[in-house]
Amino acid sequence: MLIKDLAQRAGVSVKAVRYYESRGLIAPDRAANGYREYDDADVLVVREIRALLSLGLTAEETVPFVECLRAGNDRADVCPSSLDAYRLRIAEIDRRIEEPEPAAR
């Protein structure tokens with residue numbers, strides 16, 4: 001499928017798909033004419049990336065989840081590296097919560 005089809009099926013913009021590609025999260029094949037070609041697995045990956053970004057993870061923090069899906073798993077959060085990424089993000093949030101607020105002037 002073409003980039004516009006992937007974007008539509010995954011519920012993101014074409015610009016978002018290009019951003020994910022620039023971050024190395026997806027790597028489409030190229031047709032003889034140079035067009036990007038995506039498959040159904042890419043739809044699943046882009047949906048997962050979108051969901052993780054909406055939870056506050058960065059693009060870089062989604063890598064273990066993408067790798068988990070690319071390894072053939074039905075879910076992106078079943079791999080140890082994905083669970084570690086969740087734990088790190090939760091620890092960061094906990095640390096921010098515990099930081100004292102700056103004094104008002």
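**Architecture of a predicted helical chain**

Of the 105 residues in the protein chain, 31% are buried. The model is a predicted one, and the description below moves from the whole chain to one helix and then to one residue.

The protein chain contains five helices and two strands. Followed along the sequence, these elements occur in the pattern α-α-β-β-α-α-α. The radius of gyration of the protein chain is 17 Å, whereas a compact globule of 105 residues would have one near 13 Å. Along the principal axes, the C-alpha atoms of the protein chain occupy a box of roughly 60 × 35 × 20 Å. Among contacts in the protein chain with a separation of 6 or more, 45% join residues 24 or more positions apart.

The surface may be considered next. The protein chain exposes an accessible surface of about 7,000 Å², and carbon and sulfur atoms contribute 52% of that area. The protein chain carries 16 positive and 19 negative charges, and the mean positions of the two sets lie 6 Å apart.

Helix H2, which spans residues 14-22, shows how burial is arranged along a single element. Its buried residues are Ala16, Val17, Tyr20 and Glu21. These residues lie on the same side of H2 because they cover an arc of only 140° around the axis. The underlying geometry is general: an α-helix has 3.6 residues a turn, so residues three or four places apart point the same way. The exposed residues Lys15 and Ser22 are carried on the face of H2 turned away from its buried side.

The partners of the buried side come from both helices and strands. The buried residues of H2 pack against helix H1 (3-10) and helix H3 (40-54), and also against strand S1 (29-30) and strand S2 (36-37). Just after H2, glycine 24 adopts a positive phi of about 80°.

Strand S2, one of the elements packed against the buried residues of H2, includes glutamate 37. Glutamate 37 has a relative accessibility of 37% and therefore counts as partly exposed, since this class lies between the limits of under 20% for buried and over 50% for exposed. With neighbours within four places in sequence left aside, glutamate 37 is in contact with Met1, Pro28, Asp29, Arg30 and Ala31. Leucine 53 is 16 residues from glutamate 37 along the chain, and the C-alpha atoms of the two residues are separated by 24 Å.

Methods. Residues are numbered from 1 along each chain as its sequence is written. This is a predicted model: local features need pLDDT of at least 70, side-chain atom pairs count only at pLDDT 80 or more; totals for chains, interfaces and linings use all residues. Side-chain values use heavy atoms; hydrogens and water are left out. Helices (H or I, at least four residues) and strands (E, at least two) are DSSP runs, numbered from the N terminus. The radius of gyration is taken over C-alpha atoms; the globule rule is 2.2 Å times the number of residues to the power 0.38. Buried means under 20% relative accessible area, exposed over 50%, partly exposed in between (1.4 Å probe, protein chains only). Contact means heavy atoms within 4.5 Å. Accessible areas come from the Shrake-Rupley method with a 1.4 Å probe; for residues, only the protein chains shown count as cover. Lys and Arg count as positive and Asp and Glu as negative; His and the chain ends are not counted. The place of a charge is taken as NZ of Lys, CZ of Arg, CG of Asp or CD of Glu. The arc is that of the directions from the helix axis to the C-beta atoms.
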